[in-house]
Amino acid sequence: MGNKRTYGEGCAAAHALDLVGERWALLVVRELLLGPKRFTDLRIGIPHASPNVLSQRLRELEDAGVVRRGELPPPFAAKIYELTEWGRGLEPVIVALGDWGSRSPQLPRGEHMSVDAYMLALKTIFDTEAAAGLSASYQLRIDGHRFRVRVEGGELELERGTIEEPDATIVTDSETFASLIWEGRKPAEAVKAGDLTIEGDKAAVTRFIGLFPLPEPACSEVPALV
């Protein structure tokens with residue numbers, strides 16, 4: 001691990017933090033959970049990390065066996081970064097952190113979120129009870145990014161890519177998407193404003209929008225005055 005700082009413990013949790021606990025490291029993992037990305041795509045997803053720091057984190061994660069470099073096939077022939085199979089095992093960690101953080105009374109709502117962060121937020125707060133009886137597939141096109149989604153048996157499957165003959169296709173930008181999912185904006189109003197395009201089963205889209213309720217903030221425990 002070179003000159004990198006370490007907790008110096010045999011505890012597996014401490015060792016995990018040695019591997020992925022540096023600033024920006026888990027956000028790199030977040031950005032790769034739904035599929036490989038080029039360095040420029042990672043820069044867009046994590047805009048506050050400088051190129052040098054981002055390159056360093058990628059090297060460290062590669063040395064740790066969490067990330068590996070690859071190359072897209074022709075005609076693209078672009079270098080990419082992707083998670084190893086072991087690295088993909090961090091998904092429940094990211095989702096659990098998101099679930100815990102979503103209940104923070106100090107959560108800075110309205111600040112930057114990458115498209116992938118929005119997609120992982122859907123996984124984080126998916127309401128299985130609200131999805132009861134729903135069987136539908138969706139193509140999401142958010143800010144030009146394509147994601148395939150399936151809701152079946154009270155479970156949500158979501159990954160980067162396209163899906164053939166979805167029940168509905170949703171085309172919009174991330175800000176509009178967030179307003180529909182979490183701010184109560186009506187799809188009809190967004191369509192009328194030109195911010196949203198829906199193809200296919202509009203009822204399935206309405207049902208989809210209601211599957212991701214925001215959790216109640218955690219109550220701060222204030223000691224009683226004596």
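The two largest pockets of the structure are described below, with their volumes and linings. The model is predicted, so that local features need pLDDT of at least 70 and side-chain atom pairs count only at pLDDT 80 or more, while totals for chains, interfaces and linings use all residues. Residues are numbered from 1 along each chain as its sequence is written, and side-chain values use heavy atoms, with hydrogens and water left out.

The largest pocket (an open set of points on a 1 Å grid over the protein atoms alone, where a 1.4 Å probe fits, with protein on both sides within 12 Å along at least five of seven lines) holds about 1,200 Å³ of space, a volume being the space filled by probe spheres set on points joined across faces, edges and corners. Its lining comprises 33 residues, with Arg30, Leu107, His112, Met113 and Ala117 nearest the centre, where a lining residue has an atom within 4 Å of a point. Two or more lining residues come from each of helices H2 (25–32), H6 (91–101), H7 (115–125) and H8 (174–182), and H7 provides the largest share, 6 residues. Helices (H or I, at least four residues) and strands (E, at least two) are DSSP runs numbered from the N terminus. The lining divides into 19 nonpolar, 9 polar and 5 charged residues, with Ala, Val, Leu, Ile, Met, Phe, Trp, Tyr, Cys and Pro counted as nonpolar, Asp, Glu, Lys and Arg as charged, and the others, Gly among them, as polar.

For the second largest pocket, the volume is about 480 Å³, and Lys37, Arg38, Asp41, His145 and Arg160 are the closest to its centre among 22 lining residues. Helix H3 (39–45), H7 and strand S4 (145–152) each supply at least two residues of this lining, to which H3 gives the most, with 3 residues. By class, the lining of the second largest pocket contains 8 nonpolar, 6 polar and 8 charged residues.
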